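I set out to record two things from this model: the lining of its main pocket and the packing of one pair of helices. The entries follow in the order in which I looked them up.

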Amino acid sequence: MGHQVHIGSRLESGSAVRASRPLDDVLIGAHPSIVKLRALIERVADTDATVLISGESGTGKEVVARAIHARSARADGSFVPVNCAAIPQDLLESEMFGHERGAFTGALGSRHGLFSSAEGGTIFLDEIGEMPLALQAKLLRVLEDGVVRAVGSDRGVRVDARVIAASNTDLAMAVGKGSFRRDLFYRLQVVPIAIAPLRDRRADIPLLIEHFLGRIRAETPGRELEVSRDAMVHLWSYDWPGNVRELENLVSRLAILCDGATIEASLLPANLVNSPRAAASIPDSLPEGGVNLPELVRELEGRLINEALKQTGGNKQAAAKLLGLKRTTFSAKLRRCGVLVSASHDAGEETQPSKLEEASDDGG
Ligand SMILES: Nc1ncnc2c1ncn2[C@@H]1O[C@H](COP(=O)(O)OP(=O)(O)OP(=O)(O)O)[C@@H](O)[C@H]1O
Ligand SMILES: [Mg+2]
C-alpha cells in the first residue's frame, strides 16, 4: 500500500531532536501565522499530545505532522501515514489494527496493523473526516486506553503510538452534520493546529518561490533562475486554490519551460495570468470601460513594495534599491501604500506595513 515505514529503535529524548533539520528550512514562511506555527510545532513536539491539523489541500499538513514527529522523542521510531480516504472503508479497520487469520474472507494469515508499525513512533491519520463512524468509535477507544484489538481477535494489545490527525474538510461542520463523532473530535484536538491558505498569507509567496527555486538551483549546479517582477506580480495576485503544492508544482514546471535565467510573465499559465483578481486589478491592455489608473498604480506599488520588503527581510534600504527608488521616496510610498494596503479588503493580515516599518527601523 506504499505506507512509509522505517523501523528503528527509540532513543532517549534529545538525540533525535538534534538530528532533525531546522524548522525554518522545512516550513518556509514569514507570515505571523507561520511564525506562530513553527513555535507551536516545537512546543507540541516535546509532548505526546494528540494533534489535529486542519487546512485546505496543499497547505502543508503533512509537512507539519512530519516536523512534529522529527522533533519529538519518537523521531527514531516510525512515522506511519494512513490515508483514510485512499484505503477502502471495509479494509481500513484491519489496515489500522491488524487482523487474525480467518477474520474475514481472504484473511489467510494474521497481520499486524499500522498502529503496531507505529510502535514507539507516530501514526498520521490523514483525511480523518473520511473515516466511517463505526471505526471512529473504535479509534476513540484506542485513544482512551492505548489498546488495539485486531479484527477477529478478542485480545487487546497495548501500543505506544502518538496520534496526529489531519483533515482538509471542516470537522466541526462534520460533527454538526452527524458524520463525525463529537467525542472523537474533542479527543483528537487536544492541540488543534490550523494552517492558513496561501492566499491569506501572500507575503509568503515570494519566499516559497525562492525556496523552491533554490532547490532547483541546488539540483542543477550552475543554473541561474529567477522570476521577473512582472511574473511575480501575477504569482502574488493569484488565489492558489491548491496552495503550496500548486505553487511548488508550478515552479518546477516553469523551471523546465524556462530557457534562460529569468521566468517571464509570458511563461505563466493562462488561468493564473487571467485569474479574476489579477484581471480586475492589472489588465494587460486597456479594457473597453477604461481603468482607474491612479488606483492601479497604487495597487501595483503596494504589492511590489511589500514583496521587496519581504525579500529583504524588512530592510528598507535594500528594498528601496530593489525597486530602483531613493530611500526617502520609498519611505513616502511605504507610508502611503501602507494605509492603502491595510484598507484594502483582501490584503488582510499578510501585509502589515506598520510592523515591517518597525522591524526595519529596529534594524537600523
Ligand atoms: N510552508 C512550507 N514550506 C515549504 N514547503 C511546503 C510548505 N507547505 C507545504 N509545502 C510543500 O507543499 C507540498 C504539499 O504539502 P503537504 O503534502 O504537507 O500538504 P497537505 O496539507 O498535506 O495537502 P493535502 O491536503 O492535499 O494532503 C509538499 O511538497 C510540501 O513539501
Ligand atoms: Mg496531505
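Entry 1, pocket lining. I asked which element gives the largest share of the lining of the largest pocket, and found that α10 does so, with four residues. I note at the outset that the model is predicted.

I then listed the elements that each supply at least two residues of this lining: α2 (23–26), α4, β5 (122–126), α10 (204–219) and α12 (243–257).

Entry 2, pocket volume and centre. I recorded about 650 Å³ of space in the largest pocket. I found 25 residues lining the pocket, and Gly-58, Thr-59, Gly-60, Lys-61 and Val-63 are the closest to its centre.

Entry 3, pocket character. I sorted the residues of the lining and obtained 10 charged, nine nonpolar and six polar.

Entry 4, helix pair. I turned next to α4 (residues 61–71), one of the elements noted above for the pocket. The axis of α4 comes within 8 Å of the axis of α3 (residues 32–45), and the two cross at roughly 45°. I therefore describe α3 as oblique to α4, since the angle falls outside the parallel, antiparallel and perpendicular ranges. I noted the crossing of α3 and α4 as right-handed.

Entry 5, helix contact. I asked which residues make the contact. From α3 I listed Leu-37, Ile-41, Glu-42, Val-44 and Ala-45, and from α4 Val-64, Ala-67, Ile-68 and Arg-71. I counted seven nonpolar and two charged residues in the contact of α3 with α4, and no polar ones.

Terms used: Residues are numbered from 1 along each chain as its sequence is written. Chains are lettered from A and ligands numbered from 1 in the order in which they are written. This is a predicted model: local features need pLDDT of at least 70, side-chain atom pairs count only at pLDDT 80 or more; totals for chains, interfaces and linings use all residues. Side-chain values use heavy atoms; hydrogens and water are left out. Axes are lines fitted to C-alpha atoms, for helices over the stretch in contact, and angles run from 0 to 180 degrees between N-to-C directions. Angles under 35 degrees count as roughly parallel, over 145 as roughly antiparallel, 65 to 115 as roughly perpendicular and the rest as oblique. A crossing is left-handed if the near helix is turned anticlockwise from the far one by less than a right angle, and right-handed if clockwise. Contact means heavy atoms within 4.5 Å. Ala, Val, Leu, Ile, Met, Phe, Trp, Tyr, Cys and Pro count as nonpolar, Asp, Glu, Lys and Arg as charged, and the others, Gly among them, as polar. On a 1 Å grid over the protein atoms alone, a cavity is a set of points where a 1.4 Å probe fits but cannot get out, and a pocket is an open set with protein on both sides within 12 Å along at least five of seven lines; lining residues have an atom within 4 Å of a point. Grid points are joined across faces, edges and corners, and a volume is the space filled by probe spheres set on the points.
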